[in-house]
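Visitor: Please walk me through a few side-chain features. I would like the rule for each, then the case.

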Amino acid sequence: MLLRPAPPPGGAATGTGVPPTAIHNVIGVTKAYCTRVGGGPFPTEINGAIADRLRERGNEFGAVTGRPRRCGWMDLPLLRYSNMINGCSWLVVTKLDVLDELPEIPVCIGYKLNGKKIDEIPAEAAVLEKVECVYTKLPGWKKSTEGISEWERLPKKAHEYLQFLEKENGVKIGMISTGPDREQTIFMEDFAAEMGVQTAVAVRRK
């Protein structure tokens, strides 16, 4: 997930003249972790050696400026909010392989504000700056997933991480990337069928 303003699907209707009724599927795209460019609230931000390693493995540097991106853990309240305002039908998870070396992977499942648990993003940035993340920790897989294009070949713990994200964010995962090349992609069978993707690597999730 990239924490920055992005055009919502409604922009397709106003910007290109496509009627809203012609939009049948909205595909959300998130990284397997979070990044942000520039200042502003970033509840799950991490620093130090782990952040440096994620930044290096994920090549998290601005394409034009070379400026390092801020890195953090997956933020489920933010992902659910993004799904809601965009009406996402499917989710694509990218850069799964960046997490390969981690022994455990924290995932933000909610926030605390003034000691009280909240499950949604505060509307004001100044308030979001004050939240404390509530984490659950999932075991890492400690195996390379780079280049894998079949669901069955992913480590069991990688399955569990993705299935947890899918269950908690409320939108089905249709595609997973395990590297920067086009071939380093896993297509789930139901997603490929609905999108009309002809691929030999579309697989049925077990």
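Visitor: Which side chain of opposite charge is nearest to D75, and how far away is it?

Guide: A note on the source: this is a predicted model, where local features need pLDDT of at least 70, side-chain atom pairs count only at pLDDT 80 or more, and totals for chains, interfaces and linings use all residues. Residues are numbered from 1 along each chain as its sequence is written, and side-chain values use heavy atoms, with hydrogens and water left out.

Guide: Lys and Arg count as positive, Asp and Glu as negative; His and the chain ends are not counted. A salt bridge needs a side-chain nitrogen of Lys or Arg within 4 Å of a carboxyl oxygen of Asp or Glu. For D75 the nearest candidate is R80, 7.0 Å away, and D75 has no salt bridge. D75 is also buried (under 20% relative accessible area; exposed is over 50%, partly exposed in between; 1.4 Å probe, protein chains only).

Visitor: What does the side chain of D75 make a polar contact with?

Guide: A polar contact is a pair of N or O atoms within 3.5 Å; within protein, one must be able to donate a hydrogen and the other to accept it, and residues adjacent in sequence count only if both atoms are side-chain atoms. The D75 side chain meets that of Y111 at 2.8 Å. A polar atom of the D75 side chain also lies 3.1 Å from the backbone nitrogen of L78.

Visitor: How many aromatic pairs does a search of the whole structure find?

Guide: Rings of Phe, Tyr and Trp (its six-membered ring) pair if their centres lie within 6.5 Å; planes under 30 degrees apart are stacked, over 60 edge-to-face, the rest tilted. The search finds two. One of them is W90 with F191, edge-to-face at 5.2 Å centre to centre and 70 degrees between the planes. W90 and F191 are 101 residues apart. Both W90 and F191 are buried.

Technical notes. Helices (H or I, at least four residues) and strands (E, at least two) are DSSP runs, numbered from the N terminus.
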